[in-house]
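Below is a walk through one structure, going from domains to chain contacts, cores, a single helix and a single loop residue. Keep the sequence and the coordinates at hand while reading.

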Amino acid sequence: MAKNRRSFNQLTPGWDFTFSTLLILTSLLVLIPMALVIIVSFSAESSISNRGFAFIPEAWSLDGYRYLGKMGSQVMDSYLVTIAHTLLGTACSLSVMSMYAYVLAQRNFPARTFLTWFLAFTMLFSGGLVPSYIMNVRYYNLYNSFWIFILPSLVSAYNVIMLRTFITTTIPDTLFEAGKIDGAGHFRIFFQIVLPLFQAGLATIGLFNVVARWNDWFTGLLYIQNSKLIPLQTLLQKIQSTIDFLKNNSQVANTPEGIEMLRNLPTQNLRMACTVIVVAPMLMVYPFFQRYFVTGLTIGSIKG
Amino acid sequence: MTEATHNIRQKKRRFFRREDLALYVMALPTIIFLVMFAYAPMFGLIMAFQDLNITKGILGSPYVGFKNFEFLFSTTDAYVITRNTVLYNLAFMTVNTLVAVIMALMLSELRNRRMAKGLQTVYMLPHFLSWTVVAIVLTAFLDRSYGVVNQIIIATGGKGMVDWYRQKDIWPPLLVFINAWKGVGYSTVLYLAVISGISEEYYEAAVLDGASKFQQARFITLPHLRFVISISLIMAMGSIFRGDFGLFYSVTKDSGRLYAVTDVIDTYIYRGLTKLSNVGMSTAAGLYQSAVGFIFLLGANWVVTKIDPESAMF
């Protein structure tokens with residue numbers, strides 16, 4: 001960022017004020033909708049039915065969250081699925097992709113060109129949704145399986161190319177050569193020389209992965225019926241399209257008091273409460289990791 | 001030196017060298033992945049020429065030639081989804097780039113640098129939300145019974161109770177706005193990173209020559225941004241045939257009344273697969289999308305090689 005720049009070449013106070021005002025107003029376009037969702041999640045259902053979604057509700061209430069807690073099993077299951085999808089998926093992706101990126105970074109490797117093309121071609125052309133679906137369901141048996149979250153999204157060609165660029169730009173070839181002369185094999189060079197020098201690259205791609213996986217609702221929508229395996233985002237999508245989904249898929253529906261509870265279910269603030277718990281973890285961490293995204297962006301635009 | 005090069009050349013002839021074994025082992029997981037999840041589905045595209053019977057599988061199903069394509073192009077569907085996909089993508093590219101450049105220019109000039117940093121963080125926020133969440137945020141405004149917009153209409157004496165998810169007219173501009181809402185922050189931060197990398201000397205020289213702020217933006221900052229902008233535009237051209245599924249499916253609540261203006265190739269394929277169970281035609285649409293997309297991508301890459309060979313993908 002421009003530190004202290006142009007003390008002699010600054011905006012006139014008038015323009016500075018104009019720009020600041022415009023930019024702050026723009027930021028309200030982001031902040032106000034988010035605030036509304038949070039406020040509604042804490043509004044009483046009675047207030048919502050009288051006045052709709054309001055920035056200042058007639059009455060506050062924790063009912064949305066309370067019911068979310070009571071219907072806990074589904075939400076807990078979904079949280080676990082999402083966390084496993086995110087953490088395990090990212091770990092697997094990073095290991096597999098960074099090894100391939102290391103291979104592509106070896107200038108003297110005869111198969112390098114072929115392997116690069118073998119990967120890059122998948123960026124140009126793809127079978128698309130339907131053949132992938134048929135393959136995954138009919139031939140790989142991934143329908144209603146947890147592995148659907150890990151396997152088809154294991155490697156992103158684009159990310160591998162970025163990782164390769166990270167390696168070639170941050171680690172000089174001579175380091176590989178030095179390792180070889182010292183008699184280290186490729187695995188040793190990879191784990192002891194490359195990985196330690198490579199943390200910024202891994203962090204960037206890892207964060208891309210974490211965000212994509214945390215926000216993945218489509219895989220669950222397409223491949224999962226079993227409510228134990230529905231990730232949070234898919235749960236939210238289902239609540240959004242049929243607010244009854246939670247009612248039908250909750251164990252409390254089996255008890256008399258549970259049925260009574262479901263009749264009075266505060267559906268509107270429940271939906272917003274669910275949104276808040278889905279979004280909160282991401283919003284709490286992203287300001288700290290923002291800079292990695294910027295690095296990734298720059299690398300990505302240098303080498304697609 | 002020449003001897004060494006010669007030596008390397010000699011070695012290159014041999015494709016499999018013992019010392020490379022480890023490299024093949026490291027590449028193996030990705031190779032298996034690519035075969036199973038990228039190349040096998042490509043092979044699966046022959047379903048576009050079949051009347052698929054799931055139990056018989058891809059190898060056992062009967063071939064029907066171009067029937068699925070005839071079916072796809074016999075209705076106006078193919079035209080509508082192609083038009084929507086392309087026009088939306090063009091609008092997204094234009095609006096997002098313009099807004100992001102203007103915002104980056106303004107942000108880079110703010111005197112209060114801490115505020116500029118804070119604003120950046122706020123603008124990035126929607127990038128971290130899923131389309132499902134964006135859809136719910138939008139419902140808070142557009143919901144028929146409770147939404148803020150209808151509440152305001154009632155409060156100001158209007159009739160209210162408009163079902164916005166059935167009003168075709170508002171959706172094209174609305175979708176462009178929502179896409180910008182989610183995407184502009186990201187591009188702004190990218191452009192800002194480029195701007196902050198521009199050497200201070202250019203501006204100092206410009207000031208000495210008596211250039212105004214506006215002239216500095218016009219003759220120094222924008223030319224520096226031109227490169228990254230053209231690359232990202234060309235990239236976007238390469239994926240002009242891909243509709244953002246989440247935006248067109250989730251944000252519109254998959255409302256049938258809106259299909260004429262919101263249906264894109266990706267949502268059409270999804271519906272063909274899940275609701276209509278018309279797998280053959282869906283695959284045909286997918287093949288159409290991939291093939292035309294491929295041509296666009298090659299074209300885009302060709303343009304990049306003309307502008308800047310270094311940035312070309314291949």
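In this predicted model, chain B is divided into two parts, domain 1 covering residues 18-65 and domain 2 covering 75-311. Taken over C-alpha atoms, the centres of domain 1 and domain 2 of chain B are separated by 33 Å. Their contact takes 6 residues from domain 1 of chain B and 5 residues from domain 2 of chain B. On the domain 1 side, the residues that touch domain 2 of chain B are 4 nonpolar, 1 polar and 1 charged.

The contact between the chains takes 81 residues from chain B and 86 residues from chain A. On the side of chain B, helix α2 (residues 21-44) contributes the largest share, with 14 residues. By class, this side of chain B has 56 nonpolar, 17 polar and 8 charged residues.

Next come the nonpolar cores. In soluble globular proteins, nonpolar side chains tend to be buried together. The largest nonpolar core here has 113 residues, and the members that touch the most others are A:Tyr100, A:Ala101, A:Tyr102, A:Val103, A:Val160, A:Leu236 and B:Val134. Helix α4 (residues 72-104) of chain A supplies the largest share of this core, 10 residues. Domain 1 (18-65) and domain 2 (75-311) of chain B each give at least three residues to this core. Leaving aside neighbours within four places in sequence, B:Val134 is in contact with B:Leu129, B:Ile178, B:Lys182 and B:Val251. A second, separate core has 18 residues, among them A:Phe19, B:Leu107, B:Tyr123 and B:Leu192.

One of these residues, B:Tyr123, leads to helix α6 of chain B, where the buried residues are B:Ala116, B:Leu119, B:Gln120, B:Tyr123 and B:Met124. Seen down the axis of α6(B), the buried residues fall within an arc of 135 degrees, so they line one face of the helix. What span should the 12 residues of helix α6 (residues 113-124) of chain B have? At 1.5 Å a residue they should span 16 Å, and the end C-alpha atoms are 17 Å apart, which agrees.

Finally, consider a loop residue in chain A. A:Pro172 is placed in the loop between α7 (157-170) and α8 (173-181) of chain A. Is A:Pro172 buried or exposed? A residue counts as exposed if 12 or fewer other C-beta atoms lie within 10 Å of its own. A:Pro172 has 11 other C-beta atoms within 10 Å, and is therefore exposed. The C-alpha atoms of A:Pro172 and A:Leu129 are separated by 40 Å, and these residues are 43 residues apart along the chain.

Notes:
Residues are numbered from 1 along each chain as its sequence is written. Chains are lettered from A and ligands numbered from 1 in the order in which they are written. This is a predicted model: local features need pLDDT of at least 70, side-chain atom pairs count only at pLDDT 80 or more; totals for chains, interfaces and linings use all residues. Helices (H or I, at least four residues) and strands (E, at least two) are DSSP runs, numbered from the N terminus. A residue is buried if 20 or more other C-beta atoms lie within 10 Å of its own, exposed if 12 or fewer, and partly exposed in between; C-beta atoms are placed from the backbone. Two residues are in contact if their C-beta atoms, placed from the backbone, lie within 7 Å. Ala, Val, Leu, Ile, Met, Phe, Trp, Tyr, Cys and Pro count as nonpolar, Asp, Glu, Lys and Arg as charged, and the others, Gly among them, as polar. Domain bounds come from an automatic or database domain assignment. A nonpolar core is a set of buried Ala, Val, Leu, Ile, Met, Phe, Trp, Tyr and Cys residues joined through C-beta atoms within 7 Å. The expected span of a helix is 1.5 Å times one less than its number of residues. The arc is that of the directions from the helix axis to the C-beta atoms.
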